[in-house]
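Let's take a walk through a protein together, one step at a time. Keep the picture open beside you as you read.

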Amino acid sequence: MRSRRCLDARRDPLAPEGEILIKLMIPGFGPLEIRRVVTDYTGTHSFKGVVRRTVRTRLARLARLVEVHVLTVDTFGTARRELARLPVELHFLNDDDRRNDKEKQRFVLKYEPKHVAAFGNGNYRSAAAENCARRGRSRSGCRQRRGLRA
């Protein structure tokens with residue numbers, strides 16, 4: 001169970017009206033403010049193209065806290081239908097593994113990567129590393145930990 005000190009999902013008083021975020025305090029690591037979540041669809045939220053009810057519920061709850069962007073090649077052609085009633089933004093990628101990893105990286109870099117959490121089957125880590133280089137910081141100086149991407 002998470003304590004309230006570690007996870008605080010609320011409106012940021014300095015953020016534009018209506019913007020919501022997740023604030024995390026990680027001992028020995030420091031604070032994180034997550035405004036967007038970027039994730040894959042196939043194999044992350046769906047199995048054989050179908051999203052289970054429990055996953056739908058969790059995605060809807062997450063979307064009340066942050067923007068949720070789902071990136072997909074849509075292997076089974078079901079993403080639009082399965083996510084239709086959920087408050088998530090769906091983005092379609094090219095059907096080329098090498099190119100869609102680059103597309104995912106570019107997508108994360110469009111936003112403030114330090115406020116983006118990414119998870120799934122895709123290659124988002126390189127985007128965070130590129131962002132570190134642009135800011136003149138070493139990889140170890142960036143907020144990258146297993147399961148968290150800055």
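The paragraphs below go from confidence to the sheet, then to the cores and a few single residues.

Before anything else, remember that this is a predicted model. The protein chain has a mean pLDDT of 76, and 66% of its residues reach 70 or more. Two stretches call for some care. Residues 1–13 have a pLDDT below 50, and the model gives this stretch 24 contacts beyond near neighbours in sequence. Over residues 143–150 the pLDDT also stays under 50, with 24 contacts beyond four places in sequence.

Now look for the sheet. In what order do its strands stand? Reading across, the order is 8-7-4-9, an open sheet of four strands with parallel pairing. Strand 8 (89–92) and strand 9 (116–119) are at the edges; each has a single partner strand, so one side of each has no neighbour in the sheet. From one strand to the next, the twist averages 20°.

Let's step inside the sheet, to strand 4 (residues 36–40) and strand 7 (residues 67–72), which pair in the parallel sense over five bridges. Thr39 is a good residue to find here, in strand 4. Its bridge partner in strand 7 is Val70. Is Thr39 buried or exposed? Thr39 has a relative accessible area of 0%, so it counts as buried. The side chain of Thr39 also makes a polar contact, at 3.1 Å, with the side chain of His45.

Across in strand 7 you will find Glu67. With a relative accessibility of 32%, Glu67 counts as partly exposed. Glu67 also shows how a fold brings together parts of a chain: Glu67 and Val38 are 29 residues apart in sequence, while their C-alpha atoms are 8.5 Å apart in space. Leaving aside residues up to four places away in sequence, Glu67 touches Arg35, Arg36, Val37 and Glu89.

Next, the nonpolar residues. In soluble globular proteins, nonpolar side chains tend to be buried together. Here the largest nonpolar core has 15 residues, and those touching the most other members are Ile34, Tyr41, Val66, Val68, Val70, Leu83 and Val88. Helix 1 (53–63), strand 7 and helix 2 are the elements that give two or more residues to this core. You have already met Val70 as the bridge partner of Thr39. Another core, of seven residues, lies apart from the largest one; among its members are Val38, Leu93, Val108 and Ala118.

To see one core member's surroundings, pick out Ile34. Which residues does Ile34 touch, not counting those up to four places away in sequence? They are Leu21, Ile22, Val66, His115, Val116 and Ala117.

Finally, visit two loops, each with a residue whose backbone angle deserves a look. Lys48 lies in the loop between strand 5 (46–47) and strand 6 (50–51). Phi of Lys48 is near 55°, a positive value in a residue other than glycine. Asp74 sits in the loop between strand 7 and helix 2 (79–83). Asp74 is also a residue other than glycine with a positive phi, near 65°. Their surroundings can be told apart by accessibility: Lys48 counts as exposed because its relative accessibility is 60%, whereas Asp74, at 15%, counts as buried. The cut-offs behind these words are under 20% for buried and over 50% for exposed.

Notes. Residues are numbered from 1 along each chain as its sequence is written. This is a predicted model: local features need pLDDT of at least 70, side-chain atom pairs count only at pLDDT 80 or more; totals for chains, interfaces and linings use all residues. Side-chain values use heavy atoms; hydrogens and water are left out. Two strands pair if DSSP finds at least two bridges between them. Axes are lines fitted to C-alpha atoms, for helices over the stretch in contact, and angles run from 0 to 180 degrees between N-to-C directions. Buried means under 20% relative accessible area, exposed over 50%, partly exposed in between (1.4 Å probe, protein chains only). pLDDT is the predictor's confidence in each residue, from 0 to 100. Contact means heavy atoms within 4.5 Å. A nonpolar core is a set of buried Ala, Val, Leu, Ile, Met, Phe, Trp, Tyr and Cys residues joined through side-chain atoms within 4.5 Å. A polar contact is a pair of N or O atoms within 3.5 Å; within protein, one must be able to donate a hydrogen and the other to accept it, and residues adjacent in sequence count only if both atoms are side-chain atoms.
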